[in-house]
Amino acid sequence: MTKKTVGYVHLEWTCPSCGTRNKGTDKICVNCGAPQPDDVRFEQAAQEELITDEAVIEQAKKGADIHCPYCGTRNPADAKICSQCGGDLSEDAIKRESGRVLGAYKDKPAPDVKCPSCGAMNPATARQCAQCGAPLRQSESKPAPPPAKPAAKSGLPGWVMAGGAIVLLFLCGGLLLLLLRTDDVKGTVADVEWQYTVAIEALAPAEYKDWQDQIPADAEILSCSDEVRRVQDSPAPNAEEVCGTPYTVDTGSGVGEVVQDCEYRVYDAMCRYTVMEWQMVDEAAASGNDFQPDWPALSLAVDEREGARDASFSVIFRADGRDYTYHPATLEEYRQFQPGSTWTLKINKLGTIVGVEP
Ligand SMILES: [Zn+2]
Ligand SMILES: [Zn+2]
Ligand SMILES: [Zn+2]
């Protein structure tokens with residue numbers, strides 16, 4: 001995120017002695033003459049308008065105002081001597097706080113306010129009643145509450161979650177025990193089968209997607225479209241500037257800086273492309289119910305080649321009127337299961353053979 005200055009606006013402060021709202025740059029209350037104490041904060045005006053007076057902006061850029069260590073009077077950041085008592089401000093002067101976020105930039109017209117003394121309506125920006133001169137407060141509309149922090153996503157109380165976790169643990173443990181528990185069953189080999197397959201491959205276009213500068217040289221590009229490749233703080237060619245809602249920050253000088261947090265989305269061409277790759281186009285298979293398996297004969301076309309080979313073996317046992325299928329891992333193991341021979345099958349609770357013993 002990078003901070004971008006939109007402009008500067010006048011802030012306000014309320015005199016603690018008489019309640020009058022003063023322009024931020026006024027260091028002394030326009031109504032009663034009391035100086036602004038250092039603990040009276042600046043606030044946003046009801047309606048903010050960007051300042052065009054370069055001198056005011058330049059002064060704001062110099063930094064927070066300082067309070068005289070002798071008489072407390074507010075002086076500009078670069079003042080050397082107190083305007084009120086002539087005291088030396090080069091040391092011990094108290095700098096006003098700055099950098100505080102005051103709120104969203106109020107560039108929308110605010111509703112008129114009613115004078116509490118005479119009832120006359122005044123524009124929201126007025127600090128004193130045009131009719132009777134009484135100090136006016138800002139309209140009563142409550143400032144928008146700060147965005148609520150996302151609540152912790154927990155619909156259920158902690159103990160319910162913990163209880164649920166324990167129950168789940170018991171269920172998993174129980175299931176594991178069930179799977180580990182086996183029954184010994186006597187089974188007879190009813191049938192055997194082997195199946196050998198060989199993949200047949202040919203060069204064919206395979207489709208992929210990548211940034212244009214990452215695509216292999218021999219690829220054929222189908223189509224491209226601009227997508228956000230990265231987000232960065234600084235501007236760049238082919239980048240889109242995305243900024244958040246402007247907000248006003250206290251500079252400590254009675255003038256607020258309106259800023260925006262911005263980022264730059266850099267676009268680049270994302271393309272769909274094809275490259276020629278060996279892919280499985282067919283499969284040759286051979287199978288039998290004996291113990292002499294053999295690979296299938298291949299008849300390859302000129303542009304084809306042999307791919308991966310796969311061998312699988314199955315033995316069907318019959319036990320207590322039920323059939324159980326077992327898959328030996330190797331040809332050597334498979335050859336042990338002569339039809340009619342009897343074996344001890346270890347069957348788990350799901351009815352799957354997990355082991356075979358003579
Ligand atoms: Zn006052
Ligand atoms: Zn002073
Ligand atoms: Zn009035």
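## Exercises around strand β14

Let's begin with one residue pair: Gln-232 stands opposite Tyr-264 in β14. Keep in mind as you work that this is a predicted model.

**Exercise 1. Place the pair Gln-232 and Tyr-264 in its strands, and find how many bridges join β11 to β14.**

Solution. Start from the residue ranges. Strand β11 covers residues 220-232, and β14 covers residues 255-288. Next, look at the direction: β11 and β14 run antiparallel. Finally, count the bridges between β11 and β14, which come to 11.

**Exercise 2. Work out which strands pair with β14 on the N-terminal part of the numbering and just before it, and give a facing pair for each.**

Solution. Take the partners one at a time.

- Step 1: β1 (residues 2-14) pairs with β14 in the antiparallel sense over 8 bridges. Here Tyr-8 stands opposite Glu-257.
- Step 2: β10 (residues 182-211) is also antiparallel to β14, with 18 bridges. Trp-194 in this pairing faces Gly-288.
- Step 3: β12 (residues 239-243) is joined to β14 by 5 bridges, again antiparallel. Val-242 sits opposite Glu-263.
- Step 4: β13 (residues 247-250) runs antiparallel to β14 and is joined to it by 4 bridges. Its Asp-250 stands opposite Gly-256.

**Exercise 3. Describe the turn between β13 and β14: how many residues lie between the two strands, and which one has a positive phi?**

Solution. First, β13 and β14 form a hairpin. Then count the residues between the strands: there are 4. Within the turn, Gly-252 has a positive phi of about 85 degrees.

**Exercise 4. Give the strand order of the open sheet that contains β4, and name its edge strands.**

Solution. The sheet has 3 strands in the order β5-β4-β6, with antiparallel pairing. The edges are β5 (74-75) and β6 (94-95), as each of them pairs on one side only. Now zoom in on one pairing: 2 bridges join β4 (residues 66-67) to β5. In that pairing, His-67 stands opposite Arg-74.

**Exercise 5. Decide whether Lys-108 is buried or exposed, and find how far its C-alpha atom is from that of Gln-47.**

Solution. Locate the residue first: Lys-108 lies in the loop between β7 (101-104) and β8 (113-114). Next, apply the cut-off, by which a residue with 12 or fewer neighbours is exposed. Lys-108 has 8 C-beta neighbours inside 10 Å, so it counts as exposed. Last, look along the chain: Lys-108 and Gln-47 are 61 residues apart, yet their C-alpha atoms are separated by 6.5 Å.

**Exercise 6. Explain why the chain is described as more spread out than a compact globule.**

Solution. Begin with the inventory: the chain has 3 helices and 18 strands. Its radius of gyration is 41 Å, well over the 21 Å that the globule rule gives for 358 residues, so the chain is more spread out than a compact globule. Then add the outline: the C-alpha atoms fill a box of roughly 115 × 60 × 45 Å along the principal axes. As for burial, 17% of the 358 residues are buried.

**Exercise 7. Find which residue ranges make up the two assigned domains, and how far apart the domain centres are.**

Solution. Read the assignment first: domain 1 takes in 182-200 + 282-357, and domain 2 takes in 202-248 + 260-274. Then compare the centres over C-alpha atoms, which 51 Å separate.

Notes
Residues numbered from 1 in each chain as written. Chains lettered and ligands numbered in written order. Predicted model: local features only at pLDDT ≥ 70, side-chain atom pairs only at ≥ 80, totals over all residues. Pairing = 2+ DSSP bridges. Domains from an automatic or database assignment. Rg over C-alpha atoms; globule rule 2.2 N^0.38 Å. Buried ≥ 20, exposed ≤ 12 C-beta atoms within 10 Å, placed from the backbone.
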